[in-house]
Amino acid sequence: MIVEYFFKGLLIALVFGVPAGAIGALTIRRTLEKGFLAGLVTGAGSSAADLFYSCVGVFGITIISDFLTEQQVIIRIIGGTLILVLGIAILRKKELSVVPQDSKGTLVYYFLSAFTTAILNPATVLSFMVAFAAFGIGGGLAAGQGLALISGILTGTLCWWSALSGVAAYFRKKVTDYIYKWLNRILGCFMLLFGFVMIMLAACGSADTERTPTDMEVTKMNVQIGEVFFTATLEDNAAVHEFIEMMEDGPVSINMSDYSGFEKVGPLGKSLTADNHKTTTSAGDIVLYNGNQIVMFYGSNSWSYTRIGRIDDLSGWEEALGSGSITAVFSLSTDME
């Protein structure tokens, strides 16, 4: 039912859309200075970015998701720099200037600055991918289901921003210039720290992506489903290297659910370096979807994936996957090529 997807979206927003981070700090500060409407408009800018990213995830807009994955380093640097600039501006604000009503131009600026800050954080789309996986939502939803889902997400995030702005507005008249000065110092320092961390993560990501694939010592992995074992031949790319590092720490267990009668999909629990290409899969293929989900096929599908490997012997493969949810355990194999 379409209504079910609306409430799923609402729940996703309430669980994963907690108004924290740089936009949360910005919303509190603007509400204290300019009032409830200024805070709500700032939060609405973040909600618009959430709406955009949820559309990317729900409707599988692979051109956008591929671009975000490929350019995530420079996007994070730009976003982190913007947050640093906003943090410095907050630190320089020393007195509480109460203005009865903001002009339309000011409100537009509040909206756009929050939207830009949120949209330049590629981690947002990854958080939605994790949320969709947690609630058993895959790509390829019907138009009505997808619209209901993103409507629920938009409603839920706006509820959060309304609540945050309302609480800040309630305490607005109790805030003196002295308290406001210290709040600006705290919120400004928080935003500087947030922006600095974002830029450092981008720098670390850049160093990782500059590593060129080398000849792998490990070319096989085991895939255990219940009591049945399979061997898969691995691809040679950055995502596989990172997956191997995970398996070196011990077997990786993933709870996977059935989707559309041709695949099992489950959250990996972390993001790997994606190298997505338009791919037509077949039974036995193992791929990375959206950077943080492992998909195993017993049928075929055409989508944008990063290849992880392929099952060597398909005997009993479809029977082992079955029609319901499974737990797949991935581990390193001693077999070498």
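**View 1. The largest nonpolar core of this predicted model.** Start with the biggest cluster: 31 residues make up the largest nonpolar core. If you want its hubs, go to M296 and F330, the residues with the most contacts inside this core. Helix α10, residues 238-248, gives the most to this core, putting in 6 residues. As background, nonpolar side chains in soluble globular proteins tend to be buried together.

**View 2. Another core, apart from the largest one.** Here we have a set of 8 residues that lies apart from the largest core. Y259, F262, V295 and F297 are among its members.

**View 3. Strand β4 and its cover.** β4 is a short run to find, spanning residues 263-267. Of its 5 residues, 4 are buried, so the strand is largely enclosed by the rest of the structure.

**View 4. The β3-β4 hairpin.** Strand β3 covers residues 252-259 and runs antiparallel to β4, with 3 bridges joining the two. To get your bearings, pick out D258, whose bridge partner in β4 is K264. The two strands form a hairpin, with 3 residues between them. In that turn sits S260, part of the loop between β3 and β4. Check its backbone: phi of S260 is near 60°, a positive value in a residue other than glycine.

**View 5. β4 meets β7.** Now for another pairing of β4: strand β7, residues 293-297, pairs with β4 in the antiparallel sense over 5 bridges. A handy landmark is G266, which has I294 as its bridge partner in β7.

**View 6. N290, ahead of a strand pairing.** Look in the loop between β6 (285-289) and β7 for N290. Its phi is near 55°, and that is a positive value in a residue other than glycine. N290 counts as buried because its relative accessible area is 16%, below the 20% cut-off.

**View 7. A nonpolar patch on the surface.** Out here, L193, F196, V197, M200 and L201 make a nonpolar surface patch of about 470 Å². One of them, V197, is found in helix α9, which takes in residues 177-209. Is V197 buried, partly exposed or exposed? V197 is partly exposed, because its relative accessible area is 38%, and that label goes to values between the 20% limit for buried and the 50% limit for exposed.

Key: Residues are numbered from 1 along each chain as its sequence is written. This is a predicted model: local features need pLDDT of at least 70, side-chain atom pairs count only at pLDDT 80 or more; totals for chains, interfaces and linings use all residues. Side-chain values use heavy atoms; hydrogens and water are left out. Patches are made of residues with over 30% relative accessible area and no salt bridge: like charges are joined within 9 Å, nonpolar side chains (Val, Leu, Ile, Met, Phe, Trp, Tyr) within 5 Å. Accessible areas come from the Shrake-Rupley method with a 1.4 Å probe; for residues, only the protein chains shown count as cover. A salt bridge is a side-chain nitrogen of Lys or Arg within 4 Å of a carboxyl oxygen of Asp or Glu. Buried means under 20% relative accessible area, exposed over 50%, partly exposed in between (1.4 Å probe, protein chains only). A nonpolar core is a set of buried Ala, Val, Leu, Ile, Met, Phe, Trp, Tyr and Cys residues joined through side-chain atoms within 4.5 Å. Two strands pair if DSSP finds at least two bridges between them.
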